[in-house]
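Here is a friendly walk through one protein model, for anyone meeting it for the first time. Keep the sequence and the 3D view open side by side as you read.

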Amino acid sequence: MSKLPAVLQQLKFPVIASPLFIISNPKLVIAQCKAGVVGSMPALNARPAEQLEEWLIEITEALAAHNHAHPDKPAAPFAINQIVHKSNDRLEYDMAMCVKYKVPIIITSLGAREDVNAAAHSYGGIVLHDIINNKFAKKAIEKGADGLVAVASGAGGHAGVKSPFALIQEIREWFDGPIALSGAIANGGAILASQAMGADFAYIGSAFIATEEARAAEEYKQAIVEASSDDIVYSNLFTGVHGNYLAPSIRNAGLDPENLPESDASKMNFGGDAKKAWKDIWGCGQGIGAVKAVLPTADLVARLQREYEEARARLNLAHH
């Protein structure tokens, strides 16, 4: 079993909801945490930057009130995602807000930085860094990250190409800290499988887009309910980084999902143009075949928990 920091030891259900660009908001984060999974959102979803402070107050107060009212069933901790790429000119301000409100978990993406990790550690927070291969994983831990989000093939939005089996196996050879596995996880059996492979947590994104609390267009939510893994396209055209997207949204934008040009990776962009890209082009992972309806977040988590227990029961029966 890996060594987990205290904030993650208290988690009753091994799921971290991934931060969804544009879509995650305080309402979704609070619902996720109350349902017992780590809720998260990108700092950049708060626009203008000043809104981040209002959102952090809203989340911390709502969770404190919930914990006061339900001491026997406290909410899970929440996480804020920071894009560490040089195109993010808000990083310093956003991290200062996270320090001020003592955000329990910081998830860093697109670059590992010692100063960001040190800022989180200054008040007792932890940092999970997302990576797509073993080389980046080593770099992140060397720079002071506490744990890793292993983004395997099939994950929504920016995703790697490694099989989860290969990725987790290589990292576990040298790292005994927390690992969350990302990539096409949308049912309870897949959560259990990620633990069997050596991950501590399943990192789930796309399924949460089709929830009532998510700030996504109704057409986007419906497309996830109707689509399957056959409708997912892997391309670097939209931000310069390879990612998985829903084919119908690419068609709606007047492009042919079967014949997308390659983008120049040096023009990587997470500013205004990227927001437009993600607004029109819908990021989505390969696990969505399991999503059959738009549900309240609490109902989605209840389904995952039920399936997880059923999968455990099946395994136990198979062993006896």
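The paragraphs below go from the nonpolar interior to the backbone, then to the cysteines and the charged pairs.

Please keep in mind that this is a predicted model. A good place to begin is the inside. The largest nonpolar core has 78 residues. Within this core, the members that touch the most others are Phe 78, Ile 171, Ile 191, Ile 204, Ile 224 and Leu 246. Apart from it lies another core, this one of 19 residues, and Val 7, Leu 8, Ala 79 and Ala 155 are among them.

Let us pause at Ile 224, one of the residues just named for the largest core. What is Ile 224 in contact with, leaving aside its neighbours within four places in sequence? The partners are Ser 206, Ile 209, Ala 210, Leu 246, Cys 284, Ile 288 and Val 291. Two of these names are worth a second look: Leu 246 is itself listed with Ile 224 among the residues of the core that touch the most other members, and Cys 284 is buried, with a relative accessible area of 0%.

That brings us to the cysteines. How many disulfides does the structure hold? The count is 0. Take Cys 33 as an example: the closest cysteine sulfur belongs to Cys 98 and is 14 Å away, so the two are too far apart for a bond. For comparison, a disulfide calls for sulfur atoms within 2.5 Å. Cys 33 counts as buried, at 0% relative accessibility.

Now follow the backbone. Most residues other than glycine have a negative phi, and most peptide bonds are trans. Against that background, three places invite a closer look. Arg 47 and Pro 48 are joined by a cis peptide bond, with omega at about 0°. You will find Pro 48 in the loop that runs between β2 (39–42) and α3 (51–69).

The next stop is Lys 102, which is not a glycine and yet has a positive phi of about 50°. Its place is the loop between α4 (91–100) and β4 (105–109). Is Lys 102 buried or exposed? Its relative accessibility is 54%, so Lys 102 counts as exposed. On the other side of β4, in the loop leading to α5 (114–121), sits Leu 110. Leu 110 also has a positive phi, about 60°, although it is not a glycine. With a relative accessible area of 25%, Leu 110 is partly exposed.

Finally, turn to the charged residues. Side chains of opposite charge can pair when their charged atoms come close. In this structure there are 7 salt bridges. One of them links Asp 94 with Arg 90, with the closest N and O atoms 3.2 Å apart; both Asp 94 and Arg 90 are buried. Another joins the side chains of Asp 115 and Arg 113 at 2.7 Å, N to O. Here the setting is partly exposed, since Asp 115 has 42% relative accessibility and Arg 113 has 37%.

A further salt bridge, at 3.0 Å from N to O, brings together Arg 303 and Glu 307. Why are Arg 303 and Glu 307 separated by about one helical turn? They are 4 residues apart in helix α13 (residues 297–319), and that spacing is the reason. Arg 303 counts as buried, with a relative accessibility of 13%.

Methods:
Residues numbered from 1 in each chain as written. Predicted model: local features only at pLDDT ≥ 70, side-chain atom pairs only at ≥ 80, totals over all residues. Heavy atoms only, no water. Buried < 20%, exposed > 50% of the residue type's maximum accessible area, 1.4 Å probe, protein only. Helix = DSSP H or I, 4+ residues; strand = E, 2+ residues; numbered from the N terminus. Core = buried A, V, L, I, M, F, W, Y, C linked by side-chain atoms within 4.5 Å. Contact = heavy atoms within 4.5 Å. Salt bridge = Lys/Arg side-chain N within 4 Å of Asp/Glu carboxyl O.
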